[in-house]
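Reader: I'm new to reading protein structures. Could you walk me through this one, step by step?

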Amino acid sequence: MAPWDFLFEEKTYKVGKNGVSPIQNMAAYLGGSAIQTVGDNPVTAYRQLVQQYAKNLAGETVAPAVATAEANAVFIAAPFTASMSGLWPRLIGVLFKRIPKFGVLLGYTYLSGNDEPGYAAATAASILSAPFINPVRMVEKQQRAFLKQTGTEKPIMEILGEASSKYFAPLFRGTVPLMGHSLASAVLGLVGQPKLQKYVQQQIGQTGQLSGSATNLVASAVVSPIYVVVTNPLSRLEVIMQTNSIKGKSIGPFEAVRELGADMAKFGLSGIFRGQGIGIFKAIISLTLFHEGRLFLTRQFKAYNVRTGKIPATATA
């Protein structure tokens, strides 16, 4: 049985107990991801530059304050270009990255008979989707990797052309840390945040003190620092491995770890956790936008199912 066979099965389009069909649920996840991608792109770009500029053009490790000043200079010189850099591959990645990830996450959940994704589904999704996600993240980072030198983002076709000369192998740089990053993202963001939001709603929301959007923000604010502490070193490894020139020699996982270790030896925890504060801010924005978008689209699908008579009106309550 091929992975895409589910698209032709009747049960894929049958409305379930949660008020939407599996295909509608998938569309809501993809839509929420697209909304998140556009909303958090400036913060994503800024964080990459803060982490990337840990080394100057001479290859020397610099203090975190110097790296931040370099990132600020790039954004001041070209605010729109810097803010929107890497957006197109990220939007394209909503399909190339999210369909495999959400497909495995929701498919595993459906086959296991659960209504909501669990930790086993998150683990499967993070491992199996990494080879699809990594090339998009590589292209995204390469687009903004040379903003300081050129002032413009690198064209996608130029990046792909350089990668093709090496049989596209460079597009898979950073896959190992990505698997860990993706696992933390799935466990904390896709599974943990909704569970925590439901708990917050039970404790506070039902009293009328907080709306659904407010409890979403509270849950995101609680999960985000944990997520960033776990993933920030992994994010640094990705940046180290994915921002050097494709034409040059690749940096492997062990070499990247040594570089990260040298940074920590020189600047302490501030060296290894460069971009931590920005990362927490980004994670709060990302998680909130994603879940707000997903829930909004889910409500629209439920309303559509009521109008078409697929479910009773009480199901949307």
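Below, we go through this predicted model with short questions and answers.

Reader: How many helices and strands does the secondary structure of the chain come to?

Author: Good place to begin! Read from the N terminus on, the elements run α-α-α-α-α-α-α-α-α-α-α-α-α. Every symbol in that string is an α, and the count agrees with it: 13 helices and zero strands.

Reader: Which helix gives the most to the largest nonpolar core?

Author: Let's look at the core itself. It has 14 residues, and those with the most contacts inside it are Y46, L49, Y53, A71, V74 and F75. Two helices, α1 (22–52) and α2 (64–77), each supply at least two residues of this core. With five residues, the one that gives the most is α1.

Reader: Which residues does Y46 touch, not counting residues up to four places away in sequence?

Author: Y46 is one of the residues with the most contacts inside the largest core. Leaving out those up to four places away in sequence, its partners are T68, A71, N72, F75 and I278.

Reader: How many residues are in the second, separate core?

Author: This core includes V94, A121, V191 and F290. In soluble globular proteins, nonpolar side chains tend to be buried together. The second core here has 13 residues.

Reader: Is R236 buried or exposed?

Author: First, find R236 in helix α10 (residues 212–242). Its relative accessible area is 3%. Buried means under 20%, so R236 counts as buried.

Reader: With which side chain does the side chain of R236 make a polar contact?

Author: Start with what R236 touches beyond four places in sequence: Q51, A54, L260, D263, G271, I272 and R274. A polar contact joins the side chain of R236 to a side chain in that list, at 3.0 Å, and the partner is D263.

Reader: Which helix supplies the largest share of the nonpolar patch on the surface?

Author: The patch is formed by W88, I92, L95, F96 and I99, with about 550 Å² of accessible area together. L95, for one, has its place in helix α4. Four residues of the patch come from residues 87–96, so the largest share belongs to helix α4.

Reader: What percentage of the area that the chain exposes do carbon and sulfur atoms supply?

Author: Of the 317 residues of the chain, 46% count as buried. The chain exposes about 15200 Å². The share of that area from carbon and sulfur atoms is 68%.

Key: Residues are numbered from 1 along each chain as its sequence is written. This is a predicted model: local features need pLDDT of at least 70, side-chain atom pairs count only at pLDDT 80 or more; totals for chains, interfaces and linings use all residues. Side-chain values use heavy atoms; hydrogens and water are left out. Buried means under 20% relative accessible area, exposed over 50%, partly exposed in between (1.4 Å probe, protein chains only). A polar contact is a pair of N or O atoms within 3.5 Å; within protein, one must be able to donate a hydrogen and the other to accept it, and residues adjacent in sequence count only if both atoms are side-chain atoms. Contact means heavy atoms within 4.5 Å. Patches are made of residues with over 30% relative accessible area and no salt bridge: like charges are joined within 9 Å, nonpolar side chains (Val, Leu, Ile, Met, Phe, Trp, Tyr) within 5 Å. Accessible areas come from the Shrake-Rupley method with a 1.4 Å probe; for residues, only the protein chains shown count as cover. A salt bridge is a side-chain nitrogen of Lys or Arg within 4 Å of a carboxyl oxygen of Asp or Glu. A nonpolar core is a set of buried Ala, Val, Leu, Ile, Met, Phe, Trp, Tyr and Cys residues joined through side-chain atoms within 4.5 Å.
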